Amino acid sequence: MQMRSKLCRRWGWGVWLVLPQAVQAQQLVGLAQMHAADTAWVLVSATLVLLMTLPGVALFYAGMVRRKNVLNTLAAVLGTACVVSVVWFAVGYSLALTPGTRWLGGLDRWWFTGLDYQLVAQQVAVSPMAPHIPEAAYALFQLTFAIITAALIVGALVERMRFGALMLFMALWSLLVYVPVAHWVWEPGGWLARMGALDFAGGTVVHVNAGAAGLACACYLGKRDGYGKEAFQPYNLGWTMLGACLLWVGWFGFNGGSALAADGRAALAMVVT
């Protein structure tokens with residue numbers, strides 16, 4: 001509450017429209033209530049989704065650009081993963097996936113505050129959206145979604161934007177666009193979730209979100225220098241093929257892991273994938 005008052009004094013009373021009136025109490029449950037198989041599956045799925053970005057998306061895009069831009073493209077994807085991770089750790093997770101208003105979550109999980117594992121007391125923090133696995137596992141899995149969503153936009157910006165500007169854009173976009181949309185759709189209190197929106201594995205939050213952002217950026221930046229006047233030979237389409245295969249493999253964790261359990265829904269999601 002004190003944090004909220006400071007924000008209001010600094011940024012104005014508009015803060016009261018988006019932040020919750022009270023900080024949510026920490027939710028701790030006994031370790032015996034955790035489902036080991038579900039926890040293991042979510043952790044494996046998080047690794048598979050991260051594999052989609054590093055090196056999947058990196059190879060996929062780097063293989064299609066000109067030789068002189070290969071390293072820049074690889075660095076852009078890696079840098080995006082790093083920047084988004086810091087934003088998610090600092091405030092993104094808390095604003096996106098904790099209870100709050102219909103527009104944004106609260107600040108009780110900023111800097112991952114409260115993601116506790118108390119060995120002596122035999123208790124661990126959980127999220128209301130996944131009460132059968134540690135909240136740390138849930139936050140990590142959702143981080144990989146935030147990473148790949150931003151990384152997908154890189155394909156629309158390569159050879160068009162300086163590295164520093166791109167990193168700044170990714171930080172701001174993740175905080176100002178991805179975080180609110182994730183809250184609207186995935187947190188039960190979000191306004192789209194209240195309307196009955198269903199997004200099992202990121203169709204709206206990841207794909208539509210990244211696609212719209214990429215299209216808007218490409219239209220704003222315009223054609224690449226030299227386009228239509230000089231040959232744009234791809235560096236190595238073999239890399240692109242490998243990247244596509246890694247994306248496909250990782251997608252099993254992307255979709256199957258979205259069940260947040262090693263159950264029939266996960267199995268069916270993987271079969272459909």
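What is the volume of the largest pocket? In this predicted model, the largest pocket has a volume of about 390 Å³. Its lining consists of 16 residues, and those nearest the centre of the pocket are Trp186, Asp199, Phe200, Ser258 and Leu260. Sorted by class, twelve of the lining residues are nonpolar, two are polar and two are charged. Helices H5 and H6 each provide at least two residues of this lining, and H5 contributes the most, with four residues.

**The enclosed space**

The model also holds one cavity of 30 Å³ or more. The space in the largest cavity comes to about 40 Å³. Around the largest cavity stand Asn72, Ala76, Val154, Leu157, Val158, Met161, Phe163 and Leu166. Seven of these lining residues are nonpolar and one is polar, with no charged residue present. H4, H5 and H6 each give at least two residues to the lining of the largest cavity.

**The nonpolar core**

The largest nonpolar core has 58 residues, and the members that touch the most others are Trp88, Phe145, Tyr178, Trp186 and Phe254. At least two core residues come from each of helix H3 (36-62), H4, helix H5 (135-157), helix H6 (163-186), helix H8 (203-221) and helix H9 (237-256). The helix that gives the most to this core is H5, with 14 residues.

Tyr178 shows how such a core member is surrounded. With neighbours within four places in sequence left aside, Tyr178 is in contact with Trp88, Gln142, Phe145, Ala146, Thr149, Trp173, Trp186, Val205 and Asn209. Trp186, one of these contacts of Tyr178, is also among the residues nearest the centre of the largest pocket.

**Leu260 and His132**

Leu260 also belongs to the group nearest the centre of the largest pocket. The residue is placed in the loop between H9 and helix H10 (264-272). Leu260 counts as buried because its relative accessible area is 12%, under the 20% limit. Its phi is positive, about 60°, although Leu260 is not a glycine.

Which side-chain polar atom lies 2.6 Å from the backbone oxygen of Leu260? The atom belongs to the side chain of His132. His132 is located in the loop between strand S3 (123-125) and H5, and its relative accessibility of 18% makes it buried. Not counting residues up to four places away in sequence, His132 touches Gln33, Met34, His35, Asp38, Thr39, Leu260 and Ala261.

**Three partly exposed loop residues**

The table lists three loop residues with their relative accessible areas.

| Residue | Loop | Relative accessible area |
|---|---|---|
| Thr113 | between H4 (70-97) and S2 (117-118) | 41%, partly exposed |
| Gln122 | between S2 and S3 | 41%, partly exposed |
| Glu230 | between H8 and H9 | 43%, partly exposed |

Each value falls between the limits of 20% and 50%, so Thr113, Gln122 and Glu230 are classed as partly exposed.

The side chain of Thr113 reaches back to the backbone oxygen of Trp110, at 2.7 Å. Thr113 and Phe89 are 24 residues apart along the chain, and 9.5 Å separates their C-alpha atoms.

Gln122, like Leu260, is not a glycine and has a positive phi: the value is about 60° for Gln122 and about 60° for Leu260.

Glu230 makes a side-chain polar contact of 3.1 Å with Arg66. Between Glu230 and Ser45 the C-alpha distance is 43 Å, with 185 residues separating the two in sequence.

**A cis peptide bond**

Where in the chain is there a cis peptide bond? The bond joins Leu54 and Pro55, with omega at about 10°. Pro55 is placed in helix H3, and H3 is one of the helices that supply at least two residues of the largest nonpolar core.

**H5 and H6 across these features**

H5 recurs in several of these features. H5 gives the most residues to the core and the most to the lining of the largest pocket, and H5 also supplies at least two residues of the lining of the largest cavity. H6 likewise supplies at least two residues to the core, to the pocket lining and to the cavity lining.

Note on methods:
Residues numbered from 1 in each chain as written. Predicted model: local features only at pLDDT ≥ 70, side-chain atom pairs only at ≥ 80, totals over all residues. Heavy atoms only, no water. Buried < 20%, exposed > 50% of the residue type's maximum accessible area, 1.4 Å probe, protein only. Polar contact = N/O pair within 3.5 Å; in protein donor to acceptor, adjacent residues only side chain to side chain. Core = buried A, V, L, I, M, F, W, Y, C linked by side-chain atoms within 4.5 Å. Contact = heavy atoms within 4.5 Å. 1 Å grid on protein atoms, 1.4 Å probe; cavity = no way out; pocket = protein on both sides within 12 Å on 5 of 7 lines; lining within 4 Å. Points joined across faces, edges and corners; volume = space filled by probe spheres on them. Nonpolar A, V, L, I, M, F, W, Y, C, P; charged D, E, K, R; others polar.
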